[in-house]
Amino acid sequence: MTADPDAATGESRCWCCGRETAEDALVRLGSHPEVGICVNCVHFLRRKARDLQATAMRQRLRGAAESARREVMARGWHDRPVIGPVLRWINQRLPW
Ligand SMILES: [Zn+2]
């Protein structure tokens with residue numbers, strides 16, 4: 001692929017989807033200005049990045065919940081008279 005617009009049409013190709021797009025409608029990457037991405041692909045990549053961030057956050061929260069669960073079990077807090085029922089209630093309602 002080339003960064004140079006087509007001399008006849010003044011259009012360039014999106015490096016993501018390959019569609020011919022007007023040069024001024026392409027977003028150029030900062031460190032690699034030869035790479036142009038159309039607006040549709042920019043939105044797609046933003047959604048993809050947001051999904052990846054959400055997945056990473058869910059994994060971190062799940063890990064923290066598992067760690068807290070292990071600590072509670074190791075210390076026997078789930079069997080204590082007052083806090084035990086509360087901790088078991090919370091555990092039943094956690095999504096993991
Ligand atoms: Zn595209």
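**Exercises: the zinc site and salt bridges**

The zinc ion is held by four sulfur donors, Cys 14 (SG), Cys 17 (SG), Cys 38 (SG) and Cys 41 (SG), at 2.2 to 2.4 Å; donors are N, O and S atoms within 2.8 Å of the metal (3.2 Å for Na, K and Ca), with water not among the atoms, so sites may look incomplete. This is a predicted model, in which local features need pLDDT of at least 70, side-chain atom pairs count only at pLDDT 80 or more, and totals for chains, interfaces and linings use all residues. Residues are numbered from 1 along each chain as its sequence is written, and side-chain values use heavy atoms, leaving out hydrogens and water.

**Exercise 1.** Find the spacing of the donor residues of the zinc ion in sequence.

*Solution.* Reading along the chain, the donor residues follow the pattern C-x2-C-x20-C-x2-C. Within it, Cys 17 lies in the loop between strand E1 (11-13) and strand E2 (20-22), while Cys 38 lies in strand E4 (residues 36-38), 21 residues apart. Strands are DSSP runs of E with at least two residues, helices are runs of H or I with at least four, and both are numbered from the N terminus.

**Exercise 2.** Decide whether Cys 38 is buried or exposed.

*Solution.* Buried means under 20% relative accessible area, exposed over 50%, and partly exposed in between (1.4 Å probe, protein chains only). Cys 38 has 5% relative accessibility, so Cys 38 is buried. Cys 17, at 34%, is partly exposed.

**Exercise 3.** Locate the salt bridge between Glu 71 and Arg 75.

*Solution.* A salt bridge needs a side-chain nitrogen of Lys or Arg within 4 Å of a carboxyl oxygen of Asp or Glu. Here the N to O distance is 3.0 Å. Both residues, Glu 71 and Arg 75, lie in helix H1, four residues apart, about one turn of the helix.
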